[in-house]
Amino acid sequence: MIFVEIVLINLLLSGDNAIVIAMAARRLPPLQRRAAVWWGTAAAVALRCVLTLAAVALLNIPFMQTAGALFLFAIALKLLLDHGGHEPETRASSTLAGAVWTIVTADFVMSLDNVLAVAAVAKGDTILLLFGIALSIPIIIWGSSFIIHLLDRAPYLVYIGGGLLGYASGEMLLKDPGLRKLLPLEGSGLAESLPLLIVAALLAAALLLRRKRAA
């Protein structure tokens with residue numbers, strides 16, 4: 001049963017990492033895409049190994065998740081601005097180093113929830129913890145490669161990917177113990193709608209900034 005829970009957690013929570021890798025790598029040449037996917041995946045797995053030891057303490061620090069949510073929102077906005085249109089590629093959005101850096105910073109934020117969830121299910125079992133981390137490798141690699149092909153065929157799906165990252169940032173806000181004390185949201189309609197409001201704000205900001213750039 002624990003095995004099944006870990007598999008489901010990784011399927012659900014590794015999706016965000018795969019989306020970030022796909023969005024960051026889709027403008028690279030084919031060979032560099034593969035390198036970005038592998039390096040990005042290696043970074044995600046390495047981060048999870050390190051964060052396994054500190055995840056519980058970090059996520060319990062007041063406003064730590066709020067800072068992470070704001071950071072993830074900024075990353076999602078950058079990805080939408082870099083990849084949400086059909087204009088010629090810029091150097092910043094078409095280099096392997098730039099793509100890997102975007103992947104690493106986003107993975108750092110998003111790996112916290114994944115590690116915490118797997119650690120909670122494994123209940124201190126080292127073998128199960130290592131299994132949970134190892135299981136994320138094929139999910140991220142295959143998932144990001146599949147999403148890259150989808151984005152090549154339908155670039156507008158970038159906005160769906162960005163929206164999912166925005167939703168993840170909204171969920172991080174709701175989980176922050178410091179923010180919950182400051183703004184008791186539990187049981188209110190705002191708590192349920194906050195992630196959707198964040199998505200709307202993200203997409204609106206991306207569209208407005210793109211229009212400013214075009215003008």
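**A tour of an all-helix chain**

Read along the sequence, the chain runs α-α-α-α-α-α-α-α. The model is predicted. Colour the chain by secondary structure: there are eight helices and zero strands. Of the 215 residues in the chain, 47% are buried. Turn on the surface next; the accessible area comes to about 11,200 Å², and carbon and sulfur atoms hold 73% of that area. Among contacts with a separation of 6 or more, 87% are between residues 24 or more positions apart.

**Stop 1: T66**

Select residues 64-83, which form helix α3, and find T66 there. Is T66 buried or exposed? T66 counts as buried because its relative accessibility is 14%, and the cut-off for buried is under 20%. Now show L173, D176 and L179: T66 is in contact with these three, leaving aside its neighbours within four places in sequence.

**Stop 2: L182 and its patch**

Move to helix α7, residues 177-182, where L182 is found. L182 counts as exposed, because its relative accessibility is 58% and exposed means over 50%. Add F63 and L183 to the selection: with L182 they make a nonpolar surface patch of about 300 Å².

**Stop 3: helix α8**

Select residues 189-214. This is helix α8, with 26 residues. From its first C-alpha to its last, α8 reaches 37 Å, close to the 38 Å expected at 1.5 Å a residue. Where is the kink in α8 centred? Look at P195, the centre of a kink of about 40°. P195 is also one of the buried residues of α8, which include L194, I198, L202, A206 and R210. An α-helix has 3.6 residues a turn, so residues three or four places apart point the same way.

Methods
Residues numbered from 1 in each chain as written. Predicted model: local features only at pLDDT ≥ 70, side-chain atom pairs only at ≥ 80, totals over all residues. Heavy atoms only, no water. Patch = residues over 30% accessible without salt bridge, like charges linked within 9 Å, V, L, I, M, F, W, Y side chains within 5 Å. Areas by Shrake-Rupley, 256 points an atom, 1.4 Å probe, with all protein chains shown as cover. Salt bridge = Lys/Arg side-chain N within 4 Å of Asp/Glu carboxyl O. Helix = DSSP H or I, 4+ residues; strand = E, 2+ residues; numbered from the N terminus. Buried < 20%, exposed > 50% of the residue type's maximum accessible area, 1.4 Å probe, protein only. Contact = heavy atoms within 4.5 Å. Expected span 1.5 Å × (residues − 1). Bend = angle between axes of the 7 residues up to and from the residue.
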